[in-house]
Amino acid sequence: MKFNIYKAAVLGAGVMGSAIAAHLANAGIPTLLLDIVPKELTPEEKAKNLTLDHPQVRNRLAANACAQLLKAKPAALYVPENIELITPGNLEDDLVKLSDADWIIEAVLERLDVKQALLEKVEKYRRPNAIVSTNTSGIPVNKICEKCSRELKQHFLGTHFFNPPRYMKLLEIIPNRETLPEVVEFMRAFCERSLGKGVVVCKDTPNFIANRIGTYGMFVTIRAMLELGLTVEEVDALTGPVMGRPKSASFRTLDMVGLDVLWHVAQNLRETLNDPAEKEVFTVPSFMEQMLANKWLGDKTGQGFYKKEKGKEALVLDYRTMEYRSKEKPRFASLELAKNIQDLPDKLKALAFGQDKGAQFVWRILKETLVYAANKLGEIADDVEAVDQAMKWGFNWTLGPFEVWDALGIAQVAERLRAEGAAVPAVVEQLLAEGHSSFYQKKDGDRYVYDPANKTFKPETIPEGVIFLTPLKEKGRAIKANSGASLIDLGDGVVCLEFHSKANSIGTDIIQMVKAAVKEVEEKYEGLVIGNYGQHFSVGANLMLLLMEAEEEEWDELDLAVREFQNANMALKYCRKPVVAAPHGMTVAGGCELCLHCHKMNAHAETYMGLVEVGVGLLPAGGGCKEMVFRAMEMMPPEDELRVGGINTPQPLINRVFQTIATAKVSTSGPEAKKLGFMRPDDKITMYRERVIGDAKKLVLQMAQNGFKPPRPRKIKALGASGYAALELAVYTMRWGNYISDHDALIAKKIAYVLTGGDATPGTEVSEQNLLDLEREGFLSLLGEPKTKERIRHMLATGKPLRN
């Protein structure tokens with residue numbers, strides 16, 4: 001049986017339901033969003049003389065949810081226009097429209113009776129073979145559908161999205177006992193490819209995988225804090241990035257999620273678990289009960305474990321006195337040692353095997369969480385990999401529980417457990433008895449994971465179309481490499497230029513490799529992909545090196561460095577073989593400029609692209625200004641349609657480019673990068689992060705097979721002095737209104753000078769090289785300004801721009 005999802009319906013327009021609808025809209029899927037019919041009129045509705053029967057009233061809840069989506073921060077929609085794909089309605093008048101839906105998602109109140117009653121209604125209108133799912137976070141899926149027909153059960157499953165759905169990668173899929181295997185497989189593939197989700201198939205057990213282990217770990221952390229006498233800020237210092245966890249660590253994360261949410265999850269576990277000892281773990285401590293009574297729920301109420309005060313540093317809760325106080329710096333020798341270690345497994349060993357109170361705490365929470373995860377294997381999931389992926393994708397852990405077992409050393413952990421009189425999990429004893437020392441093994445560049453049921457190692461699951469670069473390098477597929485980049489053979493005649501400098505900042509090493517890549521590809525290969533698996537594609541130039549050269553007044557060296565970057569980008573643009581950039585995450589400044597010179601882009605949907613040089617007192621000088629001007633001119637009608645003084649002047653287009661660069665606009669998504677002109681309309685966007693490079697490779701091959709030819713050099717007509725005057729007027733207006741500083745105005749005027757062709761007479765044809773020269777001159781002149789150097793120092797020190 002073949003399934004397709006062309007239309008969807010979400011039942012329940014609360015925070016999760018509306019956010020799921022938004023993400024379906026992001027994927028281009030028209031979605032019906034339904035909620036209950038209000039029982040009372042609002043004052044505004046009464047003022048308009050509306051009645052309860054009016055459609056505006058009956059659809060109010062879903063319509064309001066759509067309105068809130070447009071205001072959501074962080075944004076739920078890739079671009080505001082996606083709201084047009086969501087149709088609000090209600091659960092009485094519009095259930096008949098479910099017959100058009102290929103996927104119906106129930107996201108109503110977390111009560112079994114409510115969900116069952118709604119499914120009974122859905123069954124009357126749903127067409128056969130349409131997939132129905134519940135977004136429950138803990139109610140057994142089998143109970144929810146127990147009153148449904150067999151045909152619906154076969155197409156019913158749990159789809160547990162994590163909040164917010166756009167940004168959280170994990171999607172737990174929970175089949176019921178009668179769900180067809182082909183439905184599970186289709187949904188796994190569809191949600192990966194079309195929604196960008198990391199899918200883990202779970203068993204129908206309380207709170208599934210991620211929330212079960214994550215909540216257990218949270219309560220273990222709280223109990224260890226209380227028993228060892230640690231403070232809230234000490235716990236967060238120990239359970240953040242140093243342990244491979246998010247910056248928000250434990251209690252800042254809990255403030256974001258909401259203490260009430262944790263209470264509800266814990267309550268569900270206490271009600272559904274059978275083991276008394278396990279139930280006891282999820283008992284909420286008395287000080288947290290007091291927080292709940294005080295409505296100290298976290299960010300949603302303005303205070304929780306931390307209390308934010310406008311313009312002041314956040315205060316932290318002293319749970320002994322139930323008063324807020326200033327934060328104190330944690331001081332643990334094990335913590336300081338771990339911070340100075342680069343490798344995460346070694347960090348964990350320093351933390352867990354130290355002697356101070358901080359180390360005792362870390363060992364305690366790691367020991368209990370690792371043992372719990374190992375003991376639940378087989379109950380909540382069938383394989384090691386599913387548990388690890390769930391925790392990495394759902395809780396943003398760098399390493400999953402079984403990867404942490406490996407990092408600490410299974411034999412060493414087991415030995416310490418025995419010494420402390422604790423039971424070693426059966427799966428660990430089995431692994432050690434078979435002579436193995438880890439749950440994961442590497443062989444010939446590929447990773448294998450232990451399968452306890454068959455007592456063998458099986459290949460790691462890699463979704464179709466995913467290309468990882470590290471295994472290829474381990475297999476000897478690196479063609480060239482230096483400290484900043486590698487050129488890797490992807491197979492089928494395509495190579496990948498991978499950046500691996502710090503933050504993928506662009507320096508001499510990467511520039512050299514760009515030129516080498518173009519030469520190698522032109523001589524031996526079909527095409528080139530530029531992509532990597534860093535946290536961000538590239539943050540631009542190495543500011544520290546720029547500042548050092550400027551302080552030493554090495555202007556000739558700086559001029560040469562900028563020329564070299566410009567030349568490398570031009571080599572990409574005029575490469576005789578197709579070049580596709582595969583950006584993701586922050587793709588700013590020089591990283592953006594490099595992408596602008598590639599023939600095509602295949603970007604991740606979460607790509608934040610922009611020319612942000614003004615934030616450090618500079619202008620784009622790697623061809624960014626030039627390329628944005630030339631792209632704007634591509635939007636002009638043919639020459640014979642231009643009318644002097646008419647509406648077809650390029651000035652509005654250049655005005656828009658000027659505004660984009662001078663205000664350092666950064667896209668909030670791949671689709672918005674198209675709106676801002678950084679990507680072309682026919683560039684591609686991939687939802688699943690790990691498929692970006694694979695999709696870029698396919699695009700390269702498609703271009704090569706279609707007889708790719710590089711663009712031909714061309715010239716444009718400069719706006720000249722008249723165009724500059726229009727932009728300069730805008731700068732003066734902004735300065736007069738005190739919206740920008742004198743230094744901002746200086747930078748803006750230099751950008752305007754470049755965009756309009758410098759001193760060129762209006763209408764004079766200028767080449768790309770003319771604009772590149774203007775970029776370089778403007779860049780170097782600004783780099784000599786004391787206030788620019790001040791901005792660079794501030795950015796290096798704080799990571800934030802300075803207005804001076």
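Helices (H or I, at least four residues) and strands (E, at least two) are DSSP runs, numbered from the N terminus.

**Figure 1. Overall fold of the predicted model.** The structure shown is a predicted model, and its chain contains 34 helices and 25 strands. The radius of gyration of the chain is 29 Å, close to the 28 Å given by the globule rule for 804 residues, so the chain is as compact as a globular protein of that length. The C-alpha trace extends over about 85 × 70 × 60 Å along its principal axes. Of the 804 residues, 55% are buried. Among contacts in the chain with a separation of 6 or more, 69% are made by residues 24 or more positions apart. The accessible surface of the chain amounts to about 35200 Å², and carbon and sulfur atoms contribute 52% of this surface.

**Figure 2. The aromatic pair Phe 219 and Phe 282.** A search of the whole structure yields 18 aromatic pairs. In the pair of Phe 219 and Phe 282, the ring centres are 5.9 Å apart and the planes meet at 70°; planes over 60 degrees apart count as edge-to-face, so this pair is edge-to-face. Distant parts of the chain are linked by the pair, the two residues being 63 residues apart. Phe 219 belongs to helix α9 (residues 210–228), whereas Phe 282 lies in the loop between α13 (276–281) and α14 (286–293). Both Phe 219 and Phe 282 are buried.

**Figure 3. The aromatic pair Phe 499 and Phe 537.** The ring centres of Phe 499 and Phe 537 are separated by 5.7 Å and the planes stand at 50°, so the pair is tilted. This pair also links distant parts of the chain, with the two positions 38 residues apart in sequence numbering. Phe 499 is located in strand β17 (residues 494–499), and Phe 537 in the loop between β18 (527–530) and α24 (543–551). Phe 499 and Phe 537 are both buried.

**Figure 4. An aromatic cluster.** Phe 3, Trp 103, Phe 161, Phe 186 and Phe 190 form a cluster through ring pairs.

**Figure 5. Arginine side chains over tryptophan rings.** The charged end of Arg 245 is placed over the ring of Trp 397, at 3.7 Å from the ring centre. In a further arrangement of this kind, Arg 416 lies over the face of Trp 363, 4.0 Å from the centre of the ring.

Technical notes: Residues numbered from 1 in each chain as written. Predicted model: local features only at pLDDT ≥ 70, side-chain atom pairs only at ≥ 80, totals over all residues. Heavy atoms only, no water. Phe/Tyr/Trp six-rings, centres within 6.5 Å; stacked < 30°, edge-to-face > 60°. Buried < 20%, exposed > 50% of the residue type's maximum accessible area, 1.4 Å probe, protein only. Lys NZ or Arg CZ within 6 Å of the ring centre and 35° of its normal. Rg over C-alpha atoms; globule rule 2.2 N^0.38 Å. Contact = heavy atoms within 4.5 Å. Areas by Shrake-Rupley, 256 points an atom, 1.4 Å probe, with all protein chains shown as cover.
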